[in-house]
Amino acid sequence: MNDRAGRRRARRLAVGTAVVLALAGMNGPWLYRFGTAKYHQYQINKPEYKAENGKWEIVQFPEKYRQNTIHAALLRTGKVLLVAGSGNNQDNFDAKKFDTRIWDPVNGTIKKVPTPKDLFCTGHTQLANGNLLIAGGTKRYEKLKGDVTKAGGLMIVHNENPDQPITLPAGTKFTGKENGKTFVSRDPVVVERATKVFDKRTGKFLRNDPGLGRIYVEAQKSGAKYETGTQDNYRIQGLTGTDARNTYGIAQKLALDKKDFQGIRDAFEFDPVAEKYIKVDPMNEARWYPTLTTLSDGKVLSVSGLDDIGQLVPGKNEVFDPKTRKWTYLSKVRQFPTYPALFLMQNGKVFYSGSNAGYGPDNVGREPGIWDVESNKFTKIPGLSDANKMETSGTVLLPPAQDEKFMVIGGGGVGESKLSSNRTRIVDLKAGSPRFVDGPTLEKGTRYPQASILPDDTVLVSGGSEDYRGRGDSNIHQARLYHPDTNTFESVADPLVGRNYHSGSLLLPDGRVMFFGSDSLYGDKANTKPGVFEQRIEIYTPPYLYRDSRPALSGGPQTIARGASGTFTSPQASVIKKVRLIRPSASTHVTDVDQRSVELKFTVSGDKVKVTVPENKNLVQSGWYMLFVDDDQGTPSKAQWVRVP
């Protein structure tokens, strides 16, 4: 424990003890009537308590503006984009009721925004022009076993013709050669041409490797008698001649089993000034639960997700070019679970922490490491504790970003496992041979932890649940400040609202932190009542905003190039000790790969603060940032928005 945290804990204890002694001097019945809840409210609202622990407050929107917020991003206007799509609500999906809100946390205004597609479980990231890129979403909701009436599943279509691809329209019929049963496709599919394979030494032709297409098929009628039990080859009705000989389907069991969500290819930019969605070219692959990560060249990598037939995209990753607004496949495949935590490193490679939020085999693509996207080389990083409990863990790039240290927080077993981890793990990517080491432990095993970088170089870690989606009333009403300099946690005020699946947090320009969402599977400890989506927003005001004063910052340029400087005005310039450039968050499903806090060098002259942006384009990606200055007490200013071109 560091000295500062120790002194603060001692002061909290002293304050609490004094209050208890004073009340104990009164009569017992009065103390009983006062009640635990009222006493708690009395205590947490004392100025001394807030100065040590901070304060949580609930924001309840007017009923007509409430929604099941799944995604949130801080826009360069200082407003917050809150995206629900259908909000994990089948009725909304069926009615095509897709919701987005823009909330101004300063003025308290809320605005409904027309939402063009179901952007539920989409991916997103901040672009250099200040727009938010959003890609993927929901084509179909899952169907649980018992709700599926028509046998169906994945059909792999093979094309052995090396000269041309073949297109099969929706409604194409496939009849099994052995089982004689017929299944119908739901969507069109393009099956690429076969690839000719030659002997590398002699140049002799060896074979044609068939082109493959994936399509969802289902029986024409309902009932268990249309299920198949084993793999079969399928003749495609309507094809003749060479097409009939070269093209066929292969499917494993086609049954009444659970059918997973299906993704969409649609992509949009959200313009924070016009406050509307702008359609861009769709992705090559449909994706539900994808991660978007900005690369060294400014293009955006889109990875993983469930495709338009509910299957994990088989390692076919692609990049978005903001200049052309088009998508291109990477030349080589690499598979990850859905919502993998992927961060751009200072050398241009991509770090995968092992954190993810769901679907995928438990033995494929889950080990952490460093990915050279260009060569597709992947170097594994050893030492990860609780490696089988990384699903629903959180990952944060610790401040300052120059140190290139990451913390992995909590997590749980794959799928609906009851396993959860109370570990934190730290990795220093600047070390000669990076290796995970354990950091301070959490009090409880924690799935879905939220982590937000603060401008004083601490990290607020809050919420989560011990079990999958808060089962058994297992939400964790605790918050901690992590101090990277001492590798310690410090307890702060407890949140008022439990947060688990479909929740998130982000830093606001005034130094507060906003929390949203939570989608408990059940609403009681016995797991008998269905859960209710948490629509309330909660704001945490850190202790640093309960001090007597805070530095002011004004003036200065709105644009500062990498390697260049800008001068700002602060009456408290003489006591400024830190300057931080913090990238705004885009948060969902325990995944926020955008946030990072970059240390800026600075000089002071009178009331002027001259700051210099680092030259490394991978450390400081092009885009809009919040510029904070901290005084000698660690109190940050309100942010000034700065664009790095």
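Student: Why is N88 called partly exposed?

Tutor: N88 has a relative accessible area of 25%. Buried means under 20%, exposed means over 50%, and partly exposed is in between, with a 1.4 Å probe and protein chains only. So 25% falls in the in-between class.

By the way, this is a predicted model, where local features need pLDDT of at least 70, side-chain atom pairs count only at pLDDT 80 or more, and totals for chains, interfaces and linings use all residues. Residues are numbered from 1 along each chain as its sequence is written, and side-chain values use heavy atoms, with hydrogens and water left out.

Student: What makes the phi of N88 worth pointing out?

Tutor: Most residues other than glycine have a negative phi. The phi of N88 is near 55°, which is positive, and N88 isn't a glycine. You'll find N88 in the loop between β3 (80-85) and α5 (90-94). Those labels are DSSP runs numbered from the N terminus: helices are H or I with at least four residues, strands are E with at least two.

Student: And what is the phi of N487?

Tutor: Near 55°, again a positive value in a residue other than glycine. N487 sits in the loop between β36 (479-483) and β37 (488-491). With a relative accessible area of 33%, N487 is partly exposed.

Student: How do you know that β45 and β46 pair?

Tutor: Two strands pair if DSSP finds at least two bridges between them. Five bridges join β45 to β46 (residues 608-612), so they meet that rule, and they run antiparallel. T603 stands opposite K610 in β46.

Student: Which strands make up the open sheet, and in what order?

Tutor: The order is β41-β46-β45, with antiparallel pairing.

Student: Why are β41 and β45 said to stand at the edges?

Tutor: Each has a single partner strand, so one side of β41 (565-569) and one side of β45 (601-605) lack a neighbour in the sheet.

Student: What makes a group of residues a nonpolar core?

Tutor: They're buried Ala, Val, Leu, Ile, Met, Phe, Trp, Tyr and Cys residues joined through side-chain atoms within 4.5 Å. The largest one here has 35 residues, and those with the most contacts inside it include F351, L429 and L581. β47 (623-630) is among the elements giving two or more residues to this core, and β47 gives the most, with three.

Student: Which bond joins P399 and P400?

Tutor: A cis peptide bond, with omega about -10°. Most peptide bonds are trans. P400 is in the loop between β30 (394-397) and β31 (405-409).
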